[in-house]
Amino acid sequence: MEESGFTGDILSQNTLLNMYVKCGSLVDARRVFDQMTKRDVCSWTVMIAAYARHGPAEEALALFRRMQRTSCLPDPFVFSGVLSACSKLVSLEQGVEIHQEIIRSGFESDLSVSNALVDMYGKCGEMEKARELFDKMHQRDIVSWTVIIAGCTQGGLVDEALDLFREMPQRDAISWNAIIAGLARNGFVGKAFDLFKEMPEPNVASWNAMITGFAQKGFVDEALGLFNEMPKRDEVSWNAMIAGYAQNGLVNEALELFQEMPQPNLVSWNAIIAGFTQNGHVEKALKLFRQMELAGAMPNSKTYASILPACAKLAALEQGMEIHEKTIRSGCQSDVFVMTALVDMYAQCGSTEKARELFDKLHPRAVVSWNAMIGGYAMNGCGKEALQLFEQMKQSDTTPDHITLVSVLSACSHAGLVDEGYFHFNCMRDHYHIAPAIEHYVCMVDLLGRAGRLDEAEDLIIGMPIKPDAVVWICLLSACRIHNNLHLAETVAEHIFELDPENTAPYVLLSNMYATLGRWGDIEKVRKMMRNRGINKTPGCSWIEVNKQVHAFLEGDTSHQQMPKIYRVGEINLGDERSGVRSR
């Protein structure tokens, strides 16, 4: 700036500022802005609009407050930009405050400001206010109609959105896409597709909206048909189809399409990694994460929030800690979803102290954050700590959800607190208006079973308002084995055979009980039943983390590339045990 010799020329500085923003270099734009000795309304407008559009939106609000402390008064462009930031942040409180300032400034009737207000109220869920402002507008353009339609579809007001769309004096591609995407997002893919076919010239965004809509409803073949018919695709098209496959459990198809993609971007990597993690293929998810890094793609908060659960499911603490370090270096650790994933990862890996350390730093805390820590305590047998934290959660005015109550009931079970478990179970419907689901009954049966109150557990299952599944009965069968109640175990096993005849658990548990009593004839009957039904016992699986790599082993599996060495080590250790020598 100073070398250019126009430090005091506001027009030149604003031109440079605008150039940096259009080139996507907000860092350079901010550097120029901060070095300016004088700023006019254009200077503030450019920076506020840039942050509102590209983020962080919080910075747009911060600059607006800073501008108010100067002699420079906001104009309609500034107000439009800062309202856009409120929309992105879903910050109704700040949006209402700015609305009051707009009224005082006399700009409420300005078309761009009115559109921004309707958009802000719609995105913040205040559709009555949005519609009130829309109806009062003396002048409307296509943007006005589009933002009110988008607000209606976001709020689930599909019929109102369709009526407004039909009333529009003229439409453009953006308004068509708003109604098509809105209908598809609300599950009305048939209506969306009818409009798609009615649209004069569907563009790439129109095709993408329909692909996403079909995939979200599970109509993968229809989504793929549209994808193959597209006259032109962009990155969003590929990502929508990859995510669609993954969301419907078709991870191999998703991977195949991902590998065909000309140039996968960060969204593509996030979609494929999240798909494998969510579908339980956690080892493959970790391998893809490594491939992503080798390809030079920089992970973001969504990447870390997707891959950390994979570490949690494998109890791969070493890899989880390595990824934690990367979140710190990348500045993503402060993201609430990443922090929650870290809390969950450490808890599931058994490091509850580290999990609690991170949880205490997490602000604000969403219900999912509380669930991660309470659930972590419960699964590690820290029942009292889980219940104490649940009390803190209630005091924080965070409303528990059904997942919270699963963890609380599980904590009561681990701590042997039957009466307290009953109390929280009864509170579900009375205080939280949550109808107990199968998983809550499983926790209660486990609680009663551990306490030896087997008949009470059976009565609870029989009295369930929803049909019990095999899992509930298996939980009671496990308790029967612990307390050696063979008579009840045989009755319970019959229920499981009827509900899930191919489940190996009841056969194994019943056989083990017979073996304890030396009833070998009954064991043979169970084995014969399994043979007649073509049931094979599921092979055991274990894994170990060595040098930040997870190695999985199935019972009877010899496919591991280092299996000969593993067998040799096993033979040496077995020989040492037989000779009375302890290996180190």
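Is Cys-427 buried or exposed at 7% relative accessibility? Cys-427 counts as buried. The views below come from a predicted model.

**View 1. Cys-427 is in no disulfide.** The whole structure holds zero disulfides. For Cys-427, the nearest cysteine sulfur belongs to Cys-412, 11 Å away. A disulfide needs the two sulfur atoms within 2.5 Å. Cys-427 has 7% relative accessibility, so it counts as buried.

**View 2. Cys-124 is also without a disulfide.** Zero disulfides are present in the structure. The cysteine sulfur nearest to that of Cys-124 is 7.2 Å away, in Cys-86. Cys-124 counts as buried because its relative accessibility is 14%, and the cut-off is under 20%.

**View 3. Thr-45 sits in helix α3.** The helix spans residues 41-54. Thr-45 has 16% relative accessibility and therefore counts as buried. Leaving aside neighbours within four places in sequence, Thr-45 is in contact with Asp-75, Phe-77 and Val-78.

**View 4. The largest nonpolar core has 140 residues.** Ile-48, Ile-98, Ile-179, Ile-180 and Ile-272 have the most contacts inside this core. Helix α21, residues 336-348, gives the core its largest share, eight residues. Apart from this core lies another, of 44 residues. Val-445, Leu-486, Leu-488 and Tyr-514 are among the residues of that other core.

**View 5. Ile-179 and its contacts.** Residues up to four places away in sequence are not counted here. Ile-179 touches Ile-149, Thr-153 and Ala-161. Ile-179 also touches Leu-162, Phe-165 and Leu-195. Within the largest nonpolar core, Ile-179 is one of the residues with the most contacts.

Definitions and conventions
Residues numbered from 1 in each chain as written. Predicted model: local features only at pLDDT ≥ 70, side-chain atom pairs only at ≥ 80, totals over all residues. Heavy atoms only, no water. Helix = DSSP H or I, 4+ residues; strand = E, 2+ residues; numbered from the N terminus. Buried < 20%, exposed > 50% of the residue type's maximum accessible area, 1.4 Å probe, protein only. Contact = heavy atoms within 4.5 Å. Core = buried A, V, L, I, M, F, W, Y, C linked by side-chain atoms within 4.5 Å.
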